[in-house]
Each structure stands twice: as C-alpha cells, then as structure tokens.
Amino acid sequence: MHAGFPDFRLGNVLATSFTGTLSERHGNAVERIPTPHRLMDWLAVNGLTVDSCTTAQLELARELRESIHAAATAAAIQDALPASAVQVINDCSAQGRAAAVLTPEGKRLWRLSSASCVEDALSVIAADAISIIAGERDGKLALCASPTCQAAFFDTSQSRTRKWCDMNTCGNRQKKARFHANQRKNSRSAE
C-alpha cells in the first residue's frame, strides 16, 4: 500500500465498495484512487491484482465508478437508470475477459486474462454492479443518510433498514453529532 492516501472503505459488495473510492460527494469530496498506483492497490485489496495501470485506465475506472454510482443511486430511489451510465457499465462488462475460478476451499476468485489487464478487473466490477442493480442478489440498494455522503450501498441486513454506508465513518459521525447536540441541550436545561 502507498502511504499518504486516505484509507479505503471496504465493503462486502464489490461494485458499491468501488463507488466508495470517492466519498463525501456532497461535502469535501475525498478521492481515494488519485493515481494509477492507488487504483492498483484498491484492485489488489479486492482480489483483482494487476501489474500496471495507465492514466487512461484510471480515467476509465473513474468513469465506471461514476456510472455505477449514478445507476445505483437511480435504482435506490426507484428512478429511471441514466442511459449513459448503463452504456458505460455494459461496455466495461463486455470489454473484459476475466473468468471466475473455484478454489479448493470453495471460494470464487477471478482470473484476469493478463496481469496488466485493468479492463478485465473493471469488467468484474461492472458485472457485479449489473447483478445488484438488476436485483439478482438478496438485498436492496439504499443511499447513505449522511447529507454530505449519500453514497449508494447494498443493504443486506435482515430488516433492510440500514441508514449508513459505513457505520464506522458516516454512522459514527452522526452518532457523535447527536451526542454533542444532546450534551448542549442538557447543559442549557441545567442553567
């Protein structure tokens, strides 16, 4: 991992975790893949290791990320999917030649056509996005309740009522704000 960059927000769903590489979209945005090497780091953490990445491939990855975010957001609010986002997701899905392989432990891994094929890795992410946006997996798309975040996330909780994309960041921030507001309210009441 390269030091000096913000930590990745890792989730259980590849596509929405990928959209989390740009966080606080409605506040002070945090770009978590600012360089090709940082994209390589994110891909490696998610089992999609590549040996190289160009600036053009980073731009393609960001275009896919924003398209997934736009489509997932539309799906979460039950709006029409943006045609341009659907096109980018479909194009990225069709570009790659990754293959799912089964390990002896019964886990699925992805085999990329070559160690330098970022497009293969992006096709895996696009295919994951297609499966969640199309409703093929058990869960539902939702938007983070944080007004500065509003990230799309895939809620697999039993009740499907999760509010935060990440309890350790957005949820914790909101809990702290409520706590401090209650403290101020209680100190005013005591006066």
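In this predicted model, Gln150 is partly exposed, with a relative accessible area of 33%. The residue sits in the loop that connects β5 (140–143) with β6. Its backbone deserves a look as well: phi of Gln150 is near 50°, a positive value in a residue that is not glycine. A second case of this kind is found at Gln78, where phi is near 55°, again positive and again in a residue other than glycine. Gln78 belongs to the loop between α3 and α4. With a relative accessible area of 76%, Gln78 is exposed, because this value is over the 50% cut-off.

Turning to the interior, the largest nonpolar core comprises 37 residues. Phe18, Leu39, Leu64 and Ile125 are the residues with the most contacts inside this core. Two or more core residues come from each of α1 (14–19), α2 (36–45), α3 (55–76), α4 (83–95), α5 (118–133) and β6 (152–155). Helix α5 supplies the largest share, with nine residues. Apart from this core lies another one, made up of eight residues, including Ala142, Ala151, Cys165 and Cys170.

Leu64 offers a convenient place from which to view the packing of the 37-residue core. When residues up to four places away in sequence are not counted, Leu64 touches Phe18, Val88, Ile89, Cys92, Leu122, Ile125 and Ala126. Two of these partners, Phe18 and Ile125, are themselves listed with Leu64 among the residues with the most contacts inside the core.

Polar residues can be buried too, and Ser123 in helix α5 is one to inspect. Its relative accessibility is 5%, so Ser123 counts as buried, the cut-off being under 20%. The side chain of Ser123 reaches the backbone oxygen of Asp120 at 2.7 Å. Leaving out neighbours within four places in sequence, Ser123 is in contact with Cys92, Ser93, Gly96, Arg97 and Ala98. Cys92 is thus a residue to find on screen twice, as it is touched by Leu64 and is also in contact with Ser123.

Glu24 gives a further example, this time from a loop, the one between β1 (22–23) and β2 (30–31). Glu24 also counts as buried, because its relative accessibility is 10%. What does the side chain of Glu24 join through a polar contact? The partner is the side chain of Thr148, and the contact spans 2.5 Å.

How values were computed. Residues numbered from 1 in each chain as written. Predicted model: local features only at pLDDT ≥ 70, side-chain atom pairs only at ≥ 80, totals over all residues. Heavy atoms only, no water. Core = buried A, V, L, I, M, F, W, Y, C linked by side-chain atoms within 4.5 Å. Buried < 20%, exposed > 50% of the residue type's maximum accessible area, 1.4 Å probe, protein only. Helix = DSSP H or I, 4+ residues; strand = E, 2+ residues; numbered from the N terminus. Contact = heavy atoms within 4.5 Å. Polar contact = N/O pair within 3.5 Å; in protein donor to acceptor, adjacent residues only side chain to side chain.
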